[in-house]
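Subject: Handover of a structure

Dear colleague,

Please find below the structure that I am handing over to you. I would be grateful if you could look through it alongside the notes that come after it.

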Amino acid sequence: MGMKSKVVLGAVAGIAVIAAVSANSGDAEGGSTGKGSSASAQQQAGGSKADGTSDTKSEDKDVEKASQTEQFKAFVQKNGTAKEKEAVSHVTKVQGADEQNNILDAADVYTDFTGGILGEGTGPAKLIASAFADWKQSDNGLVTVYDADGELLGNGKF
């Protein structure tokens, strides 16, 4: 076999291994299991109405149709602290939260704060990153919070 054939064969084998690992790394539902968070534990337990019947399935269908931003804000409104709710009210866009493989997950949260890292949004950015970590869990995730001009405000693990 020639050198070029060996290189091509090695590249094809490598791609096949990567595809197999990423295909097998997700859970059956394609999302987070919610381990390690009391807010997530409450969410997993399911909601119940005053008459004792569960309304989780109808809520799940509504949440699946909502954008990532709407899902995140709804989660914080239901489970967050007053300061987290205030900070998340400034969120304008969430990207990368729906595609997780637990190998290297990265999500971006955009806000309407201004001034970059020296501006007013640095403190709330930590609250936003913390609330995001309660919402989504990953073995190796990083959420980055940006201001209105796309400048970095903060980040955190999730």
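The notes below go from the whole chain to its strands and then to its aromatic residues.

Please bear in mind that this is a predicted model. The chain holds six helices and four strands. Read from the N terminus, these elements follow the order α-α-α-α-α-β-β-α-β-β. Of its 158 residues, 29% count as buried. The accessible surface amounts to about 9,900 Å², and carbon and sulfur atoms make up 55% of that area. Among contacts with a separation of 6 or more, 54% are between residues 24 or more positions apart.

Strand β3 is a convenient place to begin. This strand spans residues 141-146, and five of its six residues are buried. It has pairing partners in β2 and in β4.

With strand β2 (residues 105-111), β3 runs parallel, and six bridges join the two. Tyr-110, for instance, has Tyr-146 of β3 as its bridge partner. Helix α6 (residues 122-135) completes a right-handed β-α-β unit with β2 and β3.

With strand β4 (residues 152-157), the pairing of β3 is antiparallel and extends over five bridges. Here Thr-144 is matched with Asn-155 of β4. The hairpin of β3 and β4 has five residues between the strands, and Gly-150 in this hairpin adopts a positive phi near 85°.

I turn now to the aromatic residues. The count of aromatic pairs is five. Phe-132 and Phe-158 form an edge-to-face pair, with 5.0 Å from centre to centre and 85° between the planes. Phe-132 belongs to helix α6 and Phe-158 to the segment after β4, so this pair ties together parts that are 26 residues apart in sequence.

Are these two residues buried or exposed? Residues count as buried under 20% relative accessible area. Phe-132 has a value of 0% and is therefore buried. Phe-158, at 8%, is buried because its value also falls under that limit.

Both residues are also members of an aromatic cluster, which consists of Phe-72, Phe-132, Trp-135 and Phe-158. Trp-135 has a further neighbour to note: Lys-136 lies over the face of its ring, 4.8 Å from the ring centre.

In going through the model, you may wish to start from β3, with its parallel partner β2 and its antiparallel partner β4, and then turn to the cluster that includes Phe-132 and Phe-158.

With kind regards

Terms used: Residues numbered from 1 in each chain as written. Predicted model: local features only at pLDDT ≥ 70, side-chain atom pairs only at ≥ 80, totals over all residues. Heavy atoms only, no water. Buried < 20%, exposed > 50% of the residue type's maximum accessible area, 1.4 Å probe, protein only. Pairing = 2+ DSSP bridges. Right-handed = clockwise from strand over helix to strand, strands pointing away. Phe/Tyr/Trp six-rings, centres within 6.5 Å; stacked < 30°, edge-to-face > 60°. Lys NZ or Arg CZ within 6 Å of the ring centre and 35° of its normal. Contact = heavy atoms within 4.5 Å. Areas by Shrake-Rupley, 256 points an atom, 1.4 Å probe, with all protein chains shown as cover.
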